[in-house]
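Reader: I'd love a close look at the interior of this protein: what packs together there, and where space is left over. Please spell out the cut-offs as you go, since I like to know what sits behind each word.

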Amino acid sequence: MRKIIAATFVSLDGVMQAPGGPEEDPVGGFKFGGWTFHYFDEVGGAAMEELFSKPFALLLGRRTYDIFAAYWPYQKDPIADAFNPATKYVATHRPDTLTWQNTQSLGPDIVATLRRVKQEDGPDLLIQGSGNLIQTLLANGLIDEIRLMIFPLLLGKGKRLFGDDAMPAAFRLAKLQTSSTGVIIATYERSGEIEVGSFVTGEPSDAELERRRNWK
């Protein structure tokens, strides 16, 4: 079965908006576009090379598709060489405007289409950017692996990676690296259901029982 992998740059406070440059996504008055630029070193570069080293199909929301389609077809570098020929699956209400080569719409039922595509033969599906699409997939338990590059800064307002509607699930840490600039590069793989427990021992006090009643 094909995996859906979300690979995302994220700040300490969970913002993922416009990591690549000031003009990338200034929606909502976001002022810090390009916030990843000064943090890349050899470790970060090697992690990106590894991410794109295996065959993949791109899975994109419409905003990220528009950003990519206006940039990557006009570049000549290893990432462009990987992105341009790859199949792109796009969540969009305007399928007739998809002009980048090898692009297809996910149709009106994104979740049903991706459940089917995951069962087909082919490379894994790699999400880049696409915050709204990620929210939909998390809510439906469709993301199998999350690869985060966590940057040591707070951005305040901005589009965030995680919302309140994600389907609860446990993940295991499969790989961890740290760059010379303090970026944490972590790969998490889905590992089943959440297990809960308690550090409380002995019988609860009357005060604790009262607290529980008041907090329901």
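Author: Let's begin with the word we will need most: a residue is called buried when its relative accessible area is under 20%, exposed when it is over 50%, and partly exposed in between, using a 1.4 Å probe and protein chains only. This is a predicted model, in which local features need pLDDT of at least 70 and side-chain atom pairs count only at pLDDT 80 or more, while totals for chains, interfaces and linings use all residues. Residues are numbered from 1 along each chain as its sequence is written, and side-chain values use heavy atoms, with hydrogens and water left out.

Leu133 makes a good way in. With a relative accessible area of 4%, Leu133 counts as buried. Its place is in helix α5, residues 131-139; helices (H or I, at least four residues) and strands (E, at least two) are DSSP runs, numbered from the N terminus. Leaving out residues up to four places away in sequence, Leu133 is in contact (heavy atoms within 4.5 Å) with Leu59, Leu60, Gly61, Ala91 and Ile110. Lys157 is 24 residues from Leu133 along the chain, and their C-alpha atoms are separated by 19 Å.

Just before this helix, Ser130 lies in the loop between β5 and α5. Ser130 is also buried, at 5% relative accessibility, and its phi is positive, near 60 degrees, although Ser130 is not a glycine. A positive phi of about 60 degrees also turns up at Asn102, again a residue other than glycine. Asn102 sits in the loop between β3 (88-91) and β4 (103-105) and is partly exposed, with a relative accessible area of 41%. His93 lies in the loop between β3 and β4 too, but His93 is exposed, at 83%.

Now for the packing. In soluble globular proteins, nonpolar side chains tend to be buried together. A nonpolar core here is a set of buried Ala, Val, Leu, Ile, Met, Phe, Trp, Tyr and Cys residues joined through side-chain atoms within 4.5 Å. The largest such core has 31 residues, and those touching the most other members are Phe52, Phe56, Tyr65, Phe83, Trp100 and Leu126. At least two residues of this core come from each of β1 (4-11), α1 (42-51), β2 (56-61), α2 (62-69), α3 (78-83) and β6 (145-151). Trp100 has a long list of contacts beyond four places in sequence: Leu58, Leu60, Tyr65, Phe68, Ala69, Trp72, Pro73, Phe83, Asn84 and Lys88. A second, separate core has 24 residues, including Val111, Leu114, Val117 and Leu125.

Strand β1 is mostly covered, with seven of its eight residues buried. Two strands pair if DSSP finds at least two bridges between them. Four bridges join β1 to β5 (residues 124-128), running parallel, and Ala6 stands opposite Ile127 there. Seven bridges join β1 to β6, again running parallel, with Phe9 opposite Met149.

Which residues line the largest cavity? They are Tyr39, Phe40, Asp41, Gly44, Met149, Phe151, Ser179 and Val183. The search works on a 1 Å grid over the protein atoms alone: a cavity is a set of points where a 1.4 Å probe fits but cannot get out, a pocket is an open set with protein on both sides within 12 Å along at least five of seven lines, and lining residues have an atom within 4 Å of a point. Grid points are joined across faces, edges and corners, and a volume is the space filled by probe spheres set on the points. One cavity of 30 Å³ or more is found by this rule, and the largest has a volume of about 30 Å³. Its lining has five nonpolar, two polar and one charged residues, where Ala, Val, Leu, Ile, Met, Phe, Trp, Tyr, Cys and Pro count as nonpolar, Asp, Glu, Lys and Arg as charged, and the others, Gly among them, as polar.

Phe40 also helps to line the second largest pocket, along with Gly45, Met48, Glu49, Phe52, Pro78, Ile79 and Ala82. Two or more of the lining residues come from each of α1 and α3. That pocket has a volume of about 200 Å³, and its lining divides into six nonpolar, one polar and one charged.

One last stop: Thr187 in strand β8, residues 184-192. Thr187 is buried at 13%, and its contacts beyond four places in sequence are Glu145, Ile146, Arg147, Arg172, Leu173, Ala174 and Lys175.
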